[in-house]
Every structure is written in C-alpha cells, then in structure tokens.
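This report describes the fold of one protein chain for a reader who has not met it before. Please keep the sequence and the structure in view while reading.

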Amino acid sequence: MKRFQHWLKKWMVNYMDLPADVIMDLPRLTMIGQLHVYIENHRGVVRFTDKELRLALKEGELVISGNHFIIKTILPEEILLEGTIEHVYYEIP
C-alpha cells in the first residue's frame, strides 16, 4: 500500500504540477547566500550548537554546518538560522 501511495504522490507532482514539498511531505529550504537559511516542514531540532544544526525530517536528518549560528526564529515546523553556512546535506538512515 505504501508503494502505491508513494507512486501516486510522485504522479501528482509530475503530472498535476503540484508542489512536491506539500504532496510528499518534504522540507523546503530557502537560502540567502551563506548568511541565512529558512527551513520549513521539519520534525524538530535534534541538535544545535554554534557550528551545527540537525533537524529531524520524515526520513532522516538535515544537517547544516558552519560557524556563529544563531536561531533567529523557531516555530513547530519552521526555523530561521543565521550564521556562516558552509555545508547543507541529508543523512538518510
């Protein structure tokens, strides 16, 4: 059943031109250079230091590394991070 749901969601994104982040429950990242990153649709903060932010996702984690990090805004599914962003990557278990 999960395979069919996944296939249906991909089909809706590809053929009905619906936004993938909404249909497939994916995170949406908006970066402004190396200075800010705004992340929507995460599942919570796993770890935060001034050099790393780890966010739980539906599948895996989003890792942002850099320097001088400050969380400017945090809401249940949204976060605005400020600092010098060096790397952004996913870790899938």
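The text below goes from the overall layout to the sheet, its core and a few individual residues.

**Overall layout**

The model is predicted. The protein chain contains 2 helices and 6 strands, and from the N terminus on these elements follow the order α-α-β-β-β-β-β-β. Taken along the principal axes, the C-alpha atoms fill a box of roughly 45 × 25 × 20 Å. The protein chain has 93 residues, of which 28% count as buried. Among contacts with a separation of 6 or more, 38% are made by residues 24 or more positions apart.

**The sheet**

The 6 strands build an open sheet in the order β1-β2-β6-β5-β4-β3, and their pairing is antiparallel. β1 (28-32) and β3 have a single partner strand each and stand at the edges, so one side of each is left without a neighbour in the sheet. From one strand to the next, the twist averages 40 degrees. In general, the strands of a sheet pair through backbone hydrogen bonds, in either a parallel or an antiparallel manner.

Three of the pairings are set out here, each with one pair of opposite residues.

| Strand pair | Sense | Bridges | Opposite residues |
|---|---|---|---|
| β3 (residues 45-48) and β4 | antiparallel | 3 bridges | F48 and L53 |
| β4 and β5 (residues 61-75) | antiparallel | 5 bridges | L53 and I64 |
| β2 (residues 36-40) and β6 | antiparallel | 5 bridges | E40 and E78 |

Two of these pairs are also hairpins. β3 and β4 are linked as a hairpin with 3 residues between them. In the hairpin of β4 and β5 there are 4 residues between the strands, and G60 in that turn has a positive phi of about 90 degrees.

**Strand β4 and the nonpolar core**

How many residues of strand β4 are buried? In β4 (residues 52-56), 5 of the 5 residues are buried, and the strand is described as mostly covered. Both of its faces are covered: E52, R54 and A56 are buried on one side, and L53 and L55 are buried on the other.

L53 and L55 also belong to the largest nonpolar core. This core has 11 residues in all: V37, I39, L53, L55, L57, L62, I64, F69, I79, L81 and I85. At least two residues of the core come from each of β2, β4, β5 and β6. As a general tendency, nonpolar side chains are buried together in soluble globular proteins.

L62, one of the core residues, illustrates these connections. Apart from neighbours within four places in sequence, L62 is in contact with L29, I39, L53, R54, L55, L57, V88, Y89 and Y90.

**R54, a charged-type side chain in β4**R54 has its place in strand β4. R54 counts as buried because its relative accessibility is 16%, and the limit for buried is under 20%. The side chain of R54 takes part in a polar contact of 3.4 Å with the side chain of E52. A polar contact of 3.0 Å also joins the side chains of R54 and E91. Leaving aside neighbours within four places in sequence, the residues in contact with R54 are G44, V45, V46, R47, E61, L62, V63 and E91.

**T84 in β6**

T84 is found in strand β6 (residues 78-91). Is T84 buried, exposed or partly exposed? T84 counts as partly exposed because its relative accessibility is 32%. Not counting residues up to four places away in sequence, T84 touches Q34, S65, G66, N67, H68 and F69. F69 is in turn a member of the largest nonpolar core. The C-alpha atoms of T84 and K9 are separated by 35 Å, and these two residues are 75 residues apart along the chain.

**The aromatic pair in helix α1**

The count of aromatic pairs comes to 2. In one of them, the ring centres of W11 and Y15 are 5.6 Å apart and the planes lie at 35 degrees, so the pair is tilted. Both residues lie in helix α1 (residues 2-15), 4 residues apart, which is about one turn of the helix. W11 is partly exposed, with a relative accessible area of 35%, whereas Y15 counts as exposed at 61% relative accessibility.

Terms used
Residues are numbered from 1 along each chain as its sequence is written. This is a predicted model: local features need pLDDT of at least 70, side-chain atom pairs count only at pLDDT 80 or more; totals for chains, interfaces and linings use all residues. Side-chain values use heavy atoms; hydrogens and water are left out. Buried means under 20% relative accessible area, exposed over 50%, partly exposed in between (1.4 Å probe, protein chains only). Two strands pair if DSSP finds at least two bridges between them. Contact means heavy atoms within 4.5 Å. Rings of Phe, Tyr and Trp (its six-membered ring) pair if their centres lie within 6.5 Å; planes under 30 degrees apart count as stacked, over 60 as edge-to-face and the rest as tilted. Axes are lines fitted to C-alpha atoms, for helices over the stretch in contact, and angles run from 0 to 180 degrees between N-to-C directions. A nonpolar core is a set of buried Ala, Val, Leu, Ile, Met, Phe, Trp, Tyr and Cys residues joined through side-chain atoms within 4.5 Å. A polar contact is a pair of N or O atoms within 3.5 Å; within protein, one must be able to donate a hydrogen and the other to accept it, and residues adjacent in sequence count only if both atoms are side-chain atoms.
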